[in-house]
Amino acid sequence: MKTIVRTALVLAFCACTGLLLRVPASAQSVYGSIFGTVTDSTGAAIPGATITVKDEAKGTIVTATSNASGDYSVPHLIPDVYDLKVTAKGFKAFEATGVTVQADTAPRIDPTLEVGTANTTVTVNADSQPELKTDRADVATVFDQQQVSSLPVGDQNFTNLQLLLPGAQKLNWSHAADENPQGSQQIQVDGQAFGGTAFELDGTDNQDPILGIIVINPTMDAVTETKITTQNFDAELGKAVSAVVTAQTRSGTNSFHGSAYDFRTGNANLARDPFTQTPGAVSLTNPAGMPPGLKNRFGASIGGPIKKDKAFFFFNYEAQRQKVGTSAKDTLPTNFATETCLGKEQDSQGGDGCDLSEYLNEPSLGAAAEIYDTTQPQTLGTDGKMHYPAFPNNIIPRSYISGAASAPALALLTILEPYTTNIHPGGTGALNGLDSNYNASGTGLFNSNQWTERVDYTLNEKAHAFERFSRFWDTLSGAVMFGDAGGSGFGINNYGGNSNGANDSLASGMDIALNPKLLTDFRLGYYRYNVIDTKYDQGKEFANQLGIPGINMGDNFTSGAPGFLISGLPGGTNNPVFGNTNWEYGAGLGINRCNCPLTEREDQFQIVNNWTKIVGNHTFKVGADLRYGRNLRVPSDTDRAGQLTFGTGPTSDPAATVPGGMGFATYMLGEVTAFGRYYST
């Protein structure tokens, strides 16, 4: 550990000392600065001029003096709007008002003093000053407080600001809602992986190291500005490979200010999806109706003085109460196939077999859906190849599914039976209603609370300190399509399960001007990312109830339903989310978007210290950024209760021109593709 720390210090020193800038001062990732050159009307430099910078909102004042070349710099300014005044003996005073200073930026103000008495002031507006950026070479976009609060950002989601950048593109996938309840977007910048974007909040790290998402997605009302740098960012921000998103929280002023807001949307204002939703409300006889849903995001903020010109506070609270209404699609066996397989109805030949003839008789399937008896000896065909015999009329005899191997399949099919009465043969779905034939709607729950507090304190003209703490916690749930039999969820992004999360972020810091040529700043940061995620049936011995041994081992970790993946029909279009044609039941990340059970506890401690030395017209900067992280992640990317796959192979004839085979027939025979049979028979 000592070797690692020592190496990190050496690398930080070497990287930071390489920053030699031909400007009087450089901006910091938290602070900004103002610099320029004081001259007279002939262009001659004016040394010894006094530069006074006053914060318009807070009333705090910082002074500096121009050097022999007339150059000056006022570093370590909190992002805000300032007035700059320049005075020199024998010259009229110069004043620039409304100078906007943003974090990691440095506006250049070049005062030109006219000969005259000091009690005469020449005032200019800062907007008239040149906007050409000469202090740094980074490529960045800055959104100020007005833009952040006024732009129509989608869903009031801070991370959506990245989409306003050239070269930014939203990915066609996202992390599951349980692991990303704040809904931070997965966005590529300039073709780089989204995890290569670094997030900082008030100069401290704000990015989960495993998923690459933002830890605290700040509310729009709590952000004063954000800067997104895509190229040539400073070495102190070198963690990123594609972009750096730095955000600053708001602070109080000498006057009280506040806001209140409420964003409310409901499914009643949404158009019905004609492909997955049927007219009318959701009911037992109309499971695919328009699901009810209501989203309410509301909050308030307040800021003001604790002690005028000295100490200030800001507080923001935002909550979300959402009843999620979503629709999902899956495939069920036809009601006729279900009833015959369960022995509740005679097959098409008047017997008691499991009748899958509807699939064989579908013109677009035909031989592709024919099932074969691979337990029987092969015989020589007219084509000179050895073939398995087909099940006559695609009917599996009762004797084949009456043993222990098929008992779990029949038990699960019994749970699914009520849902098969509402499928839509010949209507929705593919293959005349044989595939993607079941649509349903339902609801989930998402409640969240988030608050941020910040305190700023100006000790004196040379020192300023701040502290900020943010917390987000949520409850997320989603019912599943087939009840005990699982399937797609009805929560956010078809999530099915139960999740509780809590994220924290703490930042504090101080900047000190030891003398006009030597400045230092330090920051302490901490964040915590915590998710506890459980299945929709966590704690239940569902596999044991079906009669599947060796899955539920009597502990909470392996409890609940396994995943059942039954190979779909040729030409099926079952799952548009994951791009496969499986018939999916039970639980699993690829089934109901729940990486559960999941235990994830991550936290990180951070210490940042920078030193800035001004020598003539050059600035040397050196610093270190030390971090200590602790990450515990116990996921279920593959379901802890197993994933049972039923392919076409055990019911196909490989030697046939069209091999045939059906995953559902394999399922009824109890043939698990990866593991053989449930039982040895």
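Contact here means heavy atoms within 4.5 Å. The legends below describe close-up views of a predicted model.

**Figure 1. Overview of the chain in the predicted model.** The secondary structure comes to eight helices and 35 strands. Of the 681 residues in the chain, 53% are buried. Contacts between residues at least 6 apart in sequence join residues at least 24 apart in 70% of cases. The chain has an accessible surface of about 28200 Å², and carbon and sulfur atoms account for 56% of that surface.

**Figure 2. Surroundings of Ala-485 in the loop between β26 and β27.** Strand β26 covers residues 463-478 and strand β27 covers residues 497-515, with Ala-485 in the loop between these strands. Ala-485 has a relative accessible area of 1% and is therefore buried, the cut-off being under 20%. With neighbours within four places in sequence left aside, the contacts of Ala-485 are Leu-412, Ile-415, Leu-416, Tyr-536, Phe-542, Tyr-585 and Gly-586. One of these residues, Leu-416, is 69 residues from Ala-485 along the chain, and the C-alpha atoms of the two are separated by 6.9 Å.

**Figure 3. The disulfide between Cys-341 and Cys-354.** The sulfur atoms of Cys-341 and Cys-354 are 1.7 Å apart. The link is right-handed, with 45° about the S-S bond. Cys-341 belongs to helix α3 (residues 335-341) and Cys-354 to strand β21 (residues 354-355); the pair is 13 residues apart and links distant parts of the chain. Both cysteines, Cys-341 and Cys-354, are buried. Met-668 touches Cys-341 and Cys-354.

**Figure 4. The disulfide between Cys-594 and Cys-596.** Here the S to S distance of Cys-594 and Cys-596 is 2.0 Å. The torsion about the S-S bond is about 135°, so this disulfide is right-handed. Cys-594 and Cys-596 are both buried. The count for the model is two disulfides, and with the bonded cysteines numbered in sequence order the pairing reads 1-2, 3-4.

**Figure 5. The largest nonpolar core, with 53 residues.** Leu-356, Tyr-359, Phe-664 and Met-668 touch the most other members of this core. At least two core residues come from each of α3, α5 (407-416), β25 (438-460), α6 (542-546), β29 (563-566), β30 (583-586), β33 (643-646) and α8 (663-668). Helix α5 supplies the largest share, five residues. A second core of 30 residues is separate from the largest one and includes Val-153, Leu-165, Tyr-495 and Tyr-527. In soluble globular proteins, nonpolar side chains tend to be buried together.

**Figure 6. Contacts of Met-668.** Residues up to four places away in sequence are not counted. Met-668 touches Cys-341, Cys-354, Ile-396, Ile-401, Ser-406, Ala-409, Leu-410 and Leu-413. Met-668 is also one of the residues that touch the most other members of the 53-residue core.

**Figure 7. Strand β2 and its pairing with strand β6.** Strand β2 (residues 32-37) has six of its six residues buried, so it is largely enclosed by the rest of the structure. Gly-32, Ile-34 and Gly-36 point one way from β2, whereas Ser-33, Phe-35 and Thr-37 point the other way; all are buried. In a regular strand the side chains alternate between the two faces of the sheet. Strands β2 and β6 (residues 71-77) run antiparallel and are joined by five bridges. Leu-77 in β6 is the bridge partner of Gly-32.

**Figure 8. An open sheet of five strands with mixed pairing.** The strand order is β11-β16-β17-β14-β15. Strands β11 (139-143) and β15 (204-205) are the edges, each pairing on one side only. Between β11 and β16 (residues 223-231) the pairing is antiparallel over five bridges. Val-142 has Lys-227 in β16 as its bridge partner.

**Figure 9. Gly-98 in strand β8.** Strand β8 covers residues 93-101. Gly-98 is partly exposed, with a relative accessible area of 26%. Asp-55 is 43 residues from Gly-98 along the chain, and the C-alpha atoms of Gly-98 and Asp-55 are separated by 9.5 Å.

Methods
Residues numbered from 1 in each chain as written. Predicted model: local features only at pLDDT ≥ 70, side-chain atom pairs only at ≥ 80, totals over all residues. Heavy atoms only, no water. Disulfide = S-S within 2.5 Å. Helix = DSSP H or I, 4+ residues; strand = E, 2+ residues; numbered from the N terminus. Buried < 20%, exposed > 50% of the residue type's maximum accessible area, 1.4 Å probe, protein only. Pairing = 2+ DSSP bridges. Core = buried A, V, L, I, M, F, W, Y, C linked by side-chain atoms within 4.5 Å. Areas by Shrake-Rupley, 256 points an atom, 1.4 Å probe, with all protein chains shown as cover.
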